[in-house]
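Thanks for coming, everyone. Let me put the chain up, and then we go through its side chains.

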Amino acid sequence: QVQLMESGGGLVQAGGSLGLSCAASGNIFRIIVMGWYRQAPGKQRELVAERTSGQTTNFADSVKGRFTVTRDNAKNTVYLQMNSLKPEDTAVYYCNARVYYSQTSWNEFWGQGTQVTVSS
């Protein structure tokens, strides 16, 4: 099994910044992708940003230019730096990782979620 431990989040005013981090531990052979999704009340969970082991990144259009996602492969950790936050960024943010736990088998894992609230 693989565990994802998130930290960060909280309450910030519009225009402010917050950072999230997520560390993966457990039975890890190789991490394919690590990133962040979010889910606002009444909405579906959506991709925010992710980074592959090859350093390719994907971002939701709504956060491009404001959020950055970085990884420390040695620490199996992914970071999300959120700048110029807007009230519509308010959501529960979930860490996500697709992990090979053997040479041929992989699975997808989720963190417990951390609340980000942006006040106007």
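Which residues does Gln-81 touch, not counting residues up to four places away in sequence? Have a look before I go on. One note meanwhile: this is a predicted model.

Here is the list. Gln-81 touches Ser-17, Leu-18 and Gly-19, and also Arg-66, Phe-67 and Thr-68. Gln-81 itself is found in strand β8. Its relative accessibility is 31%, so Gln-81 counts as partly exposed. Its side chain also makes a polar contact of 3.0 Å with the side chain of Asn-83. One distance to add. From Gln-81 to Ser-21 is 60 residues in sequence, and 8.7 Å in space, C-alpha to C-alpha.

Arg-66 was on that list. Keep Arg-66 in mind, because it comes back in the salt bridges.

Next, charges. The count comes to five salt bridges. I will take three that share partners, beginning with Arg-38 and Glu-46. Their side chains meet in a salt bridge at 2.8 Å, N to O. Are these two buried or exposed? Arg-38 is buried, with a relative accessible area of 5%. Glu-46 is partly exposed, at 34%.

Arg-38 has another partner, Asp-89. In that salt bridge the closest N and O atoms are 3.0 Å apart. Why does this pair tie together separate parts of the sequence? Because Arg-38 lies in strand β4, residues 30–39, while Asp-89 lies in the loop between β8 (77–82) and β9 (91–100). That puts the two parts 51 residues apart in sequence. Asp-89 has 1% relative accessibility, so it counts as buried.

Now from Asp-89 to Arg-66. They form a salt bridge too, with the closest N and O atoms 2.8 Å apart. This pair also links distant parts of the chain. Asp-89 is in the loop between β8 and β9, and Arg-66 is in the loop between β6 (57–59) and β7 (67–72). The separation is 23 residues. Both Asp-89 and Arg-66 are buried. Put the pieces together, and Arg-38, Glu-46, Arg-66 and Asp-89 are joined into one network by salt bridges that share partners.

On to the rings. How many aromatic pairs are there? The count comes to one. The partners are Tyr-37 and Trp-110. They sit edge-to-face, 5.1 Å centre to centre, with 70° between the planes. Again the pair links distant parts of the chain. Tyr-37 is in strand β4, Trp-110 is in strand β10 (residues 106–110), and they are 73 residues apart. Tyr-37 is buried, with a relative accessible area of 16%. Trp-110 is partly exposed, at 34%.

Stay with Trp-110 for a moment. The charged end of Arg-45 sits over its ring, 4.6 Å from the centre. Arg-45 also lies over the face of Tyr-94, at 3.7 Å from the ring centre.

Now Thr-114. Where is it? In strand β11, residues 114–119. Thr-114 is buried, with a relative accessible area of 12%. Its side chain reaches the backbone oxygen of Gly-8 at 3.0 Å. Leaving out residues up to four places away in sequence, Thr-114 touches Glu-6, Gly-8, Gly-9, Leu-20, Ala-91, Val-92 and Tyr-93.

Tyr-93 leads us to the core. The largest nonpolar core has 29 residues. Which members touch the most other members? Leu-4, Met-34, Trp-36, Leu-80, Met-82 and Tyr-93. At least two core residues each come from β1 (2–8), β3 (18–26), β4, β5 (46–52), β7, β8, β9 and β11. The largest share, five residues, comes from β9.

Last, one of those core members: Leu-4. Set aside its neighbours within four places in sequence. Leu-4 is then in contact with Cys-22, Ala-23, Ala-24 and Met-34. Further contacts of Leu-4 are Cys-95, Asn-96 and Ala-97. Phe-109, Trp-110, Gly-111 and Gln-112 complete the list. So Trp-110 turns up once more, as the ring paired with Tyr-37 and as a contact of Leu-4.

That is the tour. Over to you.

Conventions. Residues numbered from 1 in each chain as written. Predicted model: local features only at pLDDT ≥ 70, side-chain atom pairs only at ≥ 80, totals over all residues. Heavy atoms only, no water. Salt bridge = Lys/Arg side-chain N within 4 Å of Asp/Glu carboxyl O. Buried < 20%, exposed > 50% of the residue type's maximum accessible area, 1.4 Å probe, protein only. Helix = DSSP H or I, 4+ residues; strand = E, 2+ residues; numbered from the N terminus. Contact = heavy atoms within 4.5 Å. Polar contact = N/O pair within 3.5 Å; in protein donor to acceptor, adjacent residues only side chain to side chain. Phe/Tyr/Trp six-rings, centres within 6.5 Å; stacked < 30°, edge-to-face > 60°. Lys NZ or Arg CZ within 6 Å of the ring centre and 35° of its normal. Core = buried A, V, L, I, M, F, W, Y, C linked by side-chain atoms within 4.5 Å.
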